Structure formats: C-alpha cells, structure tokens
Amino acid sequence: MESKEMSVPVTLNYKGGGIRLQDVASFVGLGWSLRAGGMVTRIVRGMPDESEKGYIGKNKTGVQVNGGGETNATRADKVATGEWDGEPDLFYISTPTGEFSFVFDENGIPVFNQPVKCKVSFERLNGPDDDLSIQWHLTDASGIHYIFGMDAASRENVADTKSFTSTWYLSKMYSFNKTDEITFDYLEGKDVTTTIYNRMRVNFKAYNCMPPDNFQTIINNSRTYQKVKYLSAVNTISGRMKLNYIDRRDDLDNGYALSSIEIYNKIDVDPVRKYTFTYDYFTSPLPEKERNRLCLKQIYTSFGKNTPLFRLYNLDYYFNPGLIFPDRSSASFDHWGFYNNNSGSTPYYPEADKEPVLEKTLQYSLRSIEHAQGGKTEFLYELNSYYDEASNTDKKSGGLRISAMKEYDNSGKSYTRSYEYKLDNGKSSGQVTMKNIRYIKYSGVTMPSPIGGCSIDAESCNAGLIFNISDINGVFTGYSKVKVIEPNGGYTKSDFTNFNDFPDYFTIHNSLIGTAIDINNIRQFGYSTSNAHKRGLLKSKVVFTSDSKPVSEALYEYGQLSLAQRKALGVSVTLSASIISVLNYFENVYYQVKDNYQLLKETEKIYDAKVPTLYLTKTKSYTYNPEGTLVRITSYTSSEGENYSDKVYYPENRSEIAGLTADETQAYTLMNDLAVPIREEHNTTDNNKIIKHSSYTVQSDGNPAHTKVFLNKVSSSRNSDPLRQEVDVRYDFVTGNVSKEVKRTGQYTSYLWSSDNKIIAKADYADNNEIYYQGFEEVNNAITGSAYAGRKYFSGSYTIPFTRPNGKKYILSYRKLVAGKWEPVNTVCSSDNMILNEPVPIDNIRIFPEGSQMTTYTHIPLIGITSVCDFNDNTQYYEYDEMLRLKLIRDLKGNILKQMGYQYSCDCFFKNLLASIEIRNAISEDDGTYASYTGDIYVVLRDQAGSPAINPNSVFNFRTTTKTQSSTSSTDGTVTFMGSELMIYSGLLSEYYFDSNGKPIRYKEVSISKLAGTGYN
C-alpha cells in the first residue's frame, strides 16, 4: 500500500522448517503468516516488566536484582518466592521498514544486541498504576514515527492471575515532517485459548536426607488471548486496504481466517483489486478440533466490479493419508516437537522414542506452488543434521531443510537447484544449540547441610520440548557451509558463522556449593547470554563453473568496534530446597549483550577463465561512527591500482562541516537522529575530491509545533573550489510536495499535485502560482464518461479558481465537446476567476504564462496513468485490460502507438461449482408405534467432473422447512464456505407416531432446499 512518502509492504510468508505436532494455524493457514503493518510483542520472562513487582515496574526490582553479584541468597529467595521479577522481558518490534529486538535494563533504557539507529519508549496513558493502557513510540533512522497500542482496539491482552498486554499493534505511522500519515484499524474477535501440552515427572534417590515422594504432574500451559485483534484496514493518502475474515474454524474455537483483501482507491466505490483466499482441512473435519489443521489452498484475484476470479497461486502440500497427525496432546513427537514414531503412551525419555522421522516430519509441509503464468515451483526437503564430535558421526536433528527446488516451465520441463550442507571432509556442517540433549535438571548433586552432605540423584523429565533446544531466534540447527548447485552444473559454496564460533553462555550456580555447575551435568533450565546476533553471518562465497573452476570469490571480515558490554542482568531460580532451614537453590544467570560487531572489510576476487590461478582483487573497507550505526567512510582498493574512498556526513556530523549557515545548522540539529546524508565526498585515485552537499532549510507557519525541514539546495564542488549550486528546490509547506525546481542552467520547472500525491501538471519556465490545471478527476459533480483526458468531464457553468499573480500574458486552453468531438479552445486568460459558460461539456482546463511549456496528466489512483497532454497539446491515452494491466497507448486520433499482450498458460478463471445437499450419518428407528430418522445435512461443492472443489468464499443460501400434521413453516439461512463442504444441520429429520392400525396420527418432517447464492449453481 503506497502512500505519499511511505508504504506498507504486504507479504505472505511460509515457514519451511516443518510443522510441529502442537502448531496451531494462523489466520492464513498452517505454516503461513501475513505481514502487514507492525506490532510490539514480547516473551514474558518471570513477571511482566511493567507490573508492580516487574523488572522496571513500580517497585523497580530490576535495580535490586542488578545490585548484587552473580550469586546472592537474598535475591534468589525473593525471585523464587515471586517478590521480585528477576528477568527482563524480551521485546520484539516489527514495522513496515524493519525488525528489532531488545530488553530494558534496570533503569528502563532499551538495550539492543547490535547498534540500531532508532528510539523506543512507552508511556502509561492512564497513570502509573495502569499496566493495560500502555502506548509505544518508535522513531527510525528515516524519521518515521510509529505509534503502537494507541487504544484498547490495538492492544491484545492475556488472561493470567493478573491480565497483561502481550501485543501492541501498530496504530499509526507518520513521516518526519508529518506530511504523510498511515493509520491502521483492527477487528475485535473473541477470546481464543491455545494449549501447549506437557507433563513432568520427578524421581528422587537420596542419602542422608529425606526427599519428597516421586510424583508426576500435568503442566499443560493454556493461554487465553482476550478479544483477539485482527488487522482490518490500512488507510493511506492513496486509498484503503480492507481485510475480511471468516469467523468459523473447525480447528480452533473462536478462531478467524482471512477470506479476502480488498484494495480501494480514493475515488471509486468498488475495490480496484481483490485477493481471495481459499482454505480446506488436511482431512475431513472431525468433532475434536485438536485433530484438525487449517490449510491454505488457493489465492485468487479479481478487478473492479463483477469481474471473474482469476487464480494466482495453487498450493499443494505433502500429505500421506497413512500418517495423519494425531491430537495435539499426543506424545508422538521428537526432541524438537515434530511428529515421529513414538507410539507408546509415555512421553518420557528414555522410554519414549524421541528420534526424528523424515516421512512424518514432512507431513503437511508445502510441496509446490503453481503459478498463473504457467509452471510451478516444487520444494524437496530432508531432515536437519549435525556433526556429533563425541561419536564422530552425523546425527539427525528435528525439522526440515531444503534439499532441492525444482522450477517447471509451461512444457513440464524442470530445472533443479539443489543444496548440500557438508564440510569439505564430507561431514555435516550443521551445529546445534544444545549438544547434549538432556531432560534431567540435575543428577548426582551433593547439597551441603549442617548435618552433612545430602546426595540426591534426581531427574525432572518434561514430555514437551527442552527449554533451550533452540536459540533466542528459534534456531536449533545452524550450518557453517552450504553448497548450491545450479541447473547448469555450476555451484556456489558459502561459509557462515555458527554456534561453535559464537556459542551462547549458560551460567548456573548452586548457593551452597558456591561454584558454577557444569552445564553438561545439569539441564539448561533458564535463558542464556545470547550471541545469536553474531551467527549466520556470511564469511565467504565462491562461485564455480560446472567443471569446478573458480569464477569469483567474496570474503567478509567482521570485528568489534568496541568492547561488548553485559547489560540487564537476568536471574531465574529453580530447584530451591530447604535442609534444616538452610536454603539451597540453583540460580541461572544471564545478560543482554550490548555489542558493536560489524562488517569491516569485503574482498572480491575475479578469476581468469583460462588461468584460474590468476585473478583481480577488489576490496572495500568500512569505517563507522562511534556508535556503529552509520558507515562514515568506505575505502576501495584493487590490484589494478585503484585507491579511492567515499565519506558521508550525516546531521550528527554537522560540526565537521565548515561554513554552514545558521539555517542549515538549525535544520541539521532537528535532523540529528536521521540517517540522511547531508554531504558526500568522493576522493578519487588521482587525489581529486568531489563533493555533493545537500542543504536543508527550516520552515514554519508560525507555530513551533509545525516546524518542518526540507531539502533546499544541492551543490557540488571539486577540490578546493567553492560549492556551486546545482539545483534549488521549493516545497508546499502543508503537503510537503515539491512546488518548484531551479537548475544551475537557469531552467526552472513547477509542479501541481493531486490529493493522492501524483503529479497532474508540470510547467517549464513558470512559477507554481502561475499555472492551473483541472481535469475534473477529483470533482464530485463531474460526469464519468467519454472524457477528453481521464475518466471525467464537466457540464455547466464553471468558475476557474485562478488569480493572475503578475502582469504576464496568460494562456487559457481547454476542450469542449461539439458534435461528439472534443474541440480545442485556446484564448487569453483575461481576468481572475474566469467563468466558462460553454453550452457543451468541457475538459482539460490549463492556464500558463505565454512562453512556458506545460504538460498535464490524469491517472486512476492505485492503477496508473490514463493520459498525458504535452506542451504542444499532443495527447496520449493509456488503456488497461480487465486485470488492470497496461494494454494500449494511443495518440489523439486513436492510432495505436504501443500494444501489450499477456498470456497465461492455465485456464485460471474460476467457474461456478455445483452445490448439492447430502444426508450423512443417518440413523433410523421404528418400533411400530414410533419411527424417527436423524442425520447430518451437508452442502457439498463439486466441479463439472463431480469431484469436491473449493469456491473462494462461496455464500450458500438455503431454506429449512418444518412440516407437521397441522402447519408448515420455513426459515432462511446463509453460510460462508471455507472448504469444499459444510454441515448446515444436525438432528431430527422426521418422526412419526402411529395408532394401533399403523396409521400416522402425528408427524414432523424437516427438509432443506437450496436457494440462489454466490459462486455455485
């Protein structure tokens, strides 16, 4: 969704790592997610940070937690009993332009792993004690402001002992000058409860002490999201995107599914484009919703009003009818949560089978995408793997990785790109977060006490996932080397940083032993000090021909710009026990790393095709600002003798630029936090310095709150020459649009804009206030029809709202419709606010000074340009087909100047289906005096061949008729399809009471008939 200065990308994303047994489908289907807008969400660690006892809450427990050393008995006791929140929550922010994660330190200051040029803050809207009315504010490096959770409609709470907010959705974003704004609306759904199924058992064997009895317990984690929020609209200066939902799902109580996205411009009543989503379930829906999985099947599009649906994508998934997923509460999953062969009733390791199985991990994963333009993309998977140093073998780990992607063209010919994840020695390049998969919290630990050691062998075995099976980003298997083999046999080898390069750190203390416990002898039950931000970085990339000759090589070097700092201490306490009033506990300690680890150098080698030992070398080195958020200097060298550099000055570097005007200094001060270059220096190999300087100016309408900053001039110089102005730019203060540009040559151009920020007129050698244009595209009482330019014209008396600003001679031109032909009229604008009293329709009014050159434009918002009329009054027309693609460009006489043709290989237009009513699960009873007939009534959609099919959002209308011996009544109903069938009635279909002669004396009959609806015959 484009706006004037900003945009909102809308993307549909698929997670290709496999479907876990306990995964719940989002509102766009299992494995899929829709990104549009943004949010602030979090993982609550301990208690919500903002709560009274939270890390940065009213009691400021984070300050207390950070006040002691890494072991502290008083702190551990308060954390264990819930008096203090020992851990900072982990926050994630997503915007249309980026994603960030951070924690708050004990002073409420955001701490990022890596330098980020943005500002984050939150405020309580209803006072210090209201934790549920919090609003977030983020400003990014472009100066765009994002507001999250402006009201209850954009906040989502979780029911707990005390409800807390889990997600704040993006409410509004606006540009630096507040000349563009995008707002977001949300639909309030019902409460939705999801459950993570888990169980735990603890077995004790003790010496010199009395342990508790062995026990098992269910620790299912059910979470209720209160009045779930769904994005319903994105509003921009250009139009509106509306999202519609189905409020009935067979896999999730109260869940919604996205049914369509409609795009509206600012002029038309009907959507200019619509995307429609169809769904089904991998199996026929069962009464037990925990066994059903929602599946996205097709995406259709349509254009305008009453146009047919056209299929864009058809989605196919791996499905083996013999490997249907069991209930989400089943114990049949591996260490990583993916469906496997564990058939026993116990979920506990080692009795339970926890090994991954490819065929079952593959179930329900995306297999192929069929494209409207023909062909398809097919995905082939294999299990993840890692090299186990202890056994010197490769081992399988959970989840999937891509082994190959096949692209099929329209003829069915395939082109395969395959992937290998091996080191040069043939071993797997995979590494895992946790090398020793342990379900035991501690084993063989001696707990000192006043009466001597108390030795306990114990295990705490969770049936669910091990806590730290993945890192903070959800990665449990990373790869150091990946080889991509192209269809022509050429290949690329890429090396990445991995867990062995930058492991996470677990620090576990025992209060009485006083030393750190070896993490290989105790389960990692808490969070780690994470180095995930340093993993997955590209170290090298080498391209080879099919006969293994090198083509090019790229090397990447990273380094610390400053010493990493440990911030925001987190403490969690577990296995707390008291032996004769002496507290004994295990304490997990971790930090948020504030790092400054950056790319410092890139080296590129280009190999000689005939002599591979010969190559050219090019390098790029980077110098950053002290914070590491901006590249200041990029230096280039090559083996051919090149040696040059580029230096960038940002507003924060304004003190390094001599000779700035007071106006510039004020502007750059206001722009201090922006990553906008204000001066660029290019230092050439031959020691020349070429400068480009961008001068900004401050403008105000008298209200300091309305102060704005605009680019005023662009100048250049060479070596010690003074700056020479290349262009001067003027703006409209209210809209922020460019009103005039003056070039160094003296040529100047002025502009007029539409309300949706499209240029409708430009004139050379005329000021902005010397030109006028009216094409009637945005005039409410204009007539839609065969206009001269665009889609609208005007009939009747029209007053031109133009006042001549000076004594120049002004030309007035327009078109009038005479005998079915648009005739030109050229005259002099002889007065201000001239009135045109033509007895015929008029269009394309233009006023400009004599000697200037004016070009005008019409367009359909969110579609494209419809006409261009140049300064010689030559007009070109742009025509679009039913799918809003540019089809023809014509001249004034209707001659075709250019023609575009589009052809799709498939018959992708949707055809209506046949709807039939079927009775299922029928049961009849008859004892001679009473007979009944019960069952379920389904409506089923079938294609012309009789096979079940899906119609995007088909609306089925039906009539239920109830007939008795004395009356007949009817009620009409409507249902919206999600799949190919839907149960619309269940219960009594007929019943009869008989007298002793077998004659009916009382009866009731229920029948359902089909009425006209949408998408079926």
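This section describes the internal cavities and one open β-sheet of a predicted model.

Rolling a probe the size of a water molecule over the atoms reveals where empty space remains. In the predicted model, a search of the whole structure identified 5 cavities of 30 Å³ or more. The largest cavity encloses about 60 Å³ of space. Its lining is formed by Arg-45, Pro-88, Asn-113, Ile-472, Ser-528, Ser-530, Ala-568, Tyr-590, Tyr-591 and Gln-592. By class, 5 residues of this lining are nonpolar, 4 are polar and 1 is charged. Strand β37, spanning residues 582-594, supplies the largest share of the lining, with 3 residues. Among the lining residues, Tyr-590, Tyr-591 and Gln-592 fall within the range of β37, residues 582-594.

Strands of a sheet pair through backbone hydrogen bonds, in either a parallel or an antiparallel manner. An open sheet of 4 strands was identified in the order β49-β56-β53-β54, and its pairing is antiparallel. The edge positions are occupied by β49 (772-774) and β54 (821-828), each of which pairs on one side only. From one strand to the next, the twist averages 15°. Within this sheet, strands β56 and β53 are adjacent in the order. Strand β53 (residues 810-818) and strand β56 (residues 842-849) run antiparallel and are joined by 6 bridges. At the level of individual residues, Ser-813 has Arg-846 of β56 as its bridge partner.

Methods:
Residues numbered from 1 in each chain as written. Predicted model: local features only at pLDDT ≥ 70, side-chain atom pairs only at ≥ 80, totals over all residues. Heavy atoms only, no water. 1 Å grid on protein atoms, 1.4 Å probe; cavity = no way out; pocket = protein on both sides within 12 Å on 5 of 7 lines; lining within 4 Å. Points joined across faces, edges and corners; volume = space filled by probe spheres on them. Helix = DSSP H or I, 4+ residues; strand = E, 2+ residues; numbered from the N terminus. Nonpolar A, V, L, I, M, F, W, Y, C, P; charged D, E, K, R; others polar. Pairing = 2+ DSSP bridges. Axes fitted to C-alpha atoms, helices over the stretch in contact; angles between N-to-C directions.
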